[in-house]
Amino acid sequence: MQYGVDERGYYGQFGGAYIPEMLFPNVEELRVNYLDIIESDDFKDEFQHLLRNYVGRPTPLYFASRLSEKYKTKIYLKREDLCHTGAHKVNNTIGQILLAQRLGKSKIIAETGAGQHGVATATVCALMGMECVVYMGEIDMARQRPNVERMKILGATVKPAISGSKTLKDATNEAMRHWINNPDDTHYIIGSVVGPHPYPDMVARFQSVISEEIQNQLQEVEGRNAPDHVIACVGGGSNAAGAFYHFLEDKGVNLIAAEAAGLGISSGKSAATTALGKPGVLHGSKTILMQTEDGQVVEPYSISAGLDYPGIGPIHAHLFDDGRAEFFGISDEEAMLAGVELSKLEGIIPAIETSHALAVFGKRTFGSDEVIVVNLSGRGDKDLETYIKWGKY
Ligand SMILES: *Cc1c(COP(=O)(O)O)cnc(C)c1O
């Protein structure tokens with residue numbers, strides 16, 4: 001496996017577990033147990049059952065005929081927007097809460113920036129009747145009020161992080177501190193393919209249901225189980241990792257990642273990590289991140305809250321470094337236009353994160369008989385206010 005994780009938790013030169021000593025027992029307990037648990041029949045049965053009956057899987061693979069006509073190629077949309085809660089994130093939180101139960105944990109913590117991962121975590125905690133504490137920067141709480149209220153309705157406690165810049169980074173620090181102090185009864189659910197090993201691999205495995213379904217569904221409609229291209233947006237990279245997973249080693253499948261360029265790659269207001277970043281350590285793993293000359297993390301910017309992250313998961317750093325995946329930086333404007341275009345052509349209002357993936361059609365041409373799968377990571381309901389403020393529709 002050239003693009004899978006190795007035994008030490010690395011993807012090429014990226015990954016690993018760069019953590020404070022006090023966190024070592026928690027992460028080590030996970031590392032030692034995660035594969036045995038998620039490969040057990042008992043786990044697989046319950047995970048499959050919930051994906052089918054609670055999340056609504058398999059999600060459709062929909063041939064977008066009007067969009068295909070416009071770009072003179074064959075475009076399929078993998079409809080993760082139809083998952084319960086409106087995006088792919090719940091695939092992972094279900095996997096992790098089942099794992100936590102099998103490790104004997106009774107409490108869940110998480111951190112969230114935009115609130116989407118917090119909502120997906122609060123959702124599965126309600127489902128399982130487990131106590132849930134979500135850390136969120138005080139500024140993010142004010143910016144993302146509806147998600148804060150959703151978490152509360154679901155029974156979670158939302159704790160404001162009031163130090164530093166009062167955003168995601170500070171919420172992460174608070175969650176880490178909580179976990180260090182409560183190693184026995186608490187599991188920390190991380191929401192993307194980031195963090196120390198084994199998190200990136202664990203999350204990628206839970207999300208890999210996406211590419212597994214794509215294989216089966218393409219076989220049915222196209223008579224082959226692999227497309228020519230898979231396109232996905234990358235924040236931390238979990239929906240992309242899930243959509244790429246079963247195609248990683250198949251060089252016949254071109255992988256395309258869309259990052260948020262914000263107001264433009266060189267505008268100083270961007271989250272285009274591979275274009276702007278350098279290798280370094282972020283949130284417990286070696287990866288590519290946006291940083292100053294002396295290694296300070298640069299504050300990212302994107303119109304899309306879910307892509308507003310200064311790094312990418314180590315698997316994507318490796319795919320970029322190795323040239324296995326193509327990366328595009330998509331500006332706010334390009335993404336918004338692509339989101340409105342899909343709405344008008346197919347009757348699907350996508351999440352603004354997802355719109356970044358759709359904007360790739362404006363950047364690159366595809367052959368008329370090529371088969372392309374776009375991972376439609378989420379629906380746009382949560383972004384209505386941003387669409388309204390932007391106004392061009
Ligand atoms: C959170 C989110 C993303 C970005 O997260 P990844 O881990 O990169 O997938 C993308 N799309 C939607 C709809 C999201 O909610």
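# Close-up views of a predicted model

**View 1. A mixed sheet of 6 strands, in a predicted model.** The sheet is open, and its strand order is β3-β4-β14-β9-β10-β13. Pairing within this sheet is mixed. Strands β3 (61–63) and β13 (325–331) stand at the edges. Each has a single partner strand, so one side of each is left without a neighbour in the sheet. From one strand to the next, the twist averages 25°.

**View 2. The β10–β13 pair and helix α14.** Strand β10 covers residues 254–262 and runs parallel to β13. The two are joined by 7 bridges. Across this pair, Glu259 stands opposite Gly329 of β13. Helix α14, residues 332–346, packs on the sheet. It touches β3, β4 (74–78), β10 and β13. The direction of α14 makes about 95° with that of β13.

**View 3. A parallel sheet of 4 strands.** This sheet is also open. Its order is β7-β6-β5-β8, with parallel pairing. The edge strands are β7 (157–161) and β8 (186–188). Each of these pairs on one side only. Here the strand-to-strand twist averages 25°.

**View 4. Strands β5 and β6 with helix α5.** Strand β5 spans residues 107–112, and β6 spans residues 131–137. They run parallel, joined by 6 bridges. One residue pairing is Thr112 with Met136, its bridge partner in β6. Helix α5, residues 116–128, lies across both strands. It runs at about 165° to β5.

**View 5. The ligand and its shell.** There are 16 residues around the ligand. Those that come nearest are Lys89, Ser192, Gly237, Ser238 and Ser377. By class, the shell holds 4 nonpolar, 10 polar and 2 charged residues.

**View 6. Backbone contacts of Gly235, Gly236 and Gly237 with the ligand.** A backbone N or O atom of Gly235 lies 2.8 Å from a ligand oxygen atom. For Gly236, a polar backbone atom is 3.2 Å from an oxygen atom of the ligand. For Gly237, the corresponding distance, again from a polar backbone atom to a ligand oxygen, is 2.7 Å. Taken alone, the ligand exposes 380 Å². The protein buries 97% of that area.

**View 7. The cis peptide bond between Arg57 and Pro58.** Omega of this bond is about 0°. Pro58 lies in the loop between α2 (41–55) and β3. Strand β3, at the end of that loop, is an edge strand of the mixed sheet.

**View 8. The cis peptide bond from His197 to Pro198.** Omega is near 15° here. Pro198 sits in the loop between β8 and α9 (199–207). Strand β8 is an edge strand of the parallel sheet.

**View 9. Lys166, a residue with positive phi.** Phi of Lys166 is near 60°, although the residue is not glycine. Lys166 is found in the loop between β7 and α8 (168–181). Strand β7 is the other edge strand of the parallel sheet, along with β8.

Methods
Residues are numbered from 1 along each chain as its sequence is written. This is a predicted model: local features need pLDDT of at least 70, side-chain atom pairs count only at pLDDT 80 or more; totals for chains, interfaces and linings use all residues. Side-chain values use heavy atoms; hydrogens and water are left out. A residue is near a molecule or strand if one of its heavy atoms lies within 4 Å of it. A polar contact is a pair of N or O atoms within 3.5 Å; within protein, one must be able to donate a hydrogen and the other to accept it, and residues adjacent in sequence count only if both atoms are side-chain atoms. Accessible areas come from the Shrake-Rupley method with a 1.4 Å probe; for residues, only the protein chains shown count as cover. Ala, Val, Leu, Ile, Met, Phe, Trp, Tyr, Cys and Pro count as nonpolar, Asp, Glu, Lys and Arg as charged, and the others, Gly among them, as polar. Two strands pair if DSSP finds at least two bridges between them. Axes are lines fitted to C-alpha atoms, for helices over the stretch in contact, and angles run from 0 to 180 degrees between N-to-C directions. Contact means heavy atoms within 4.5 Å.
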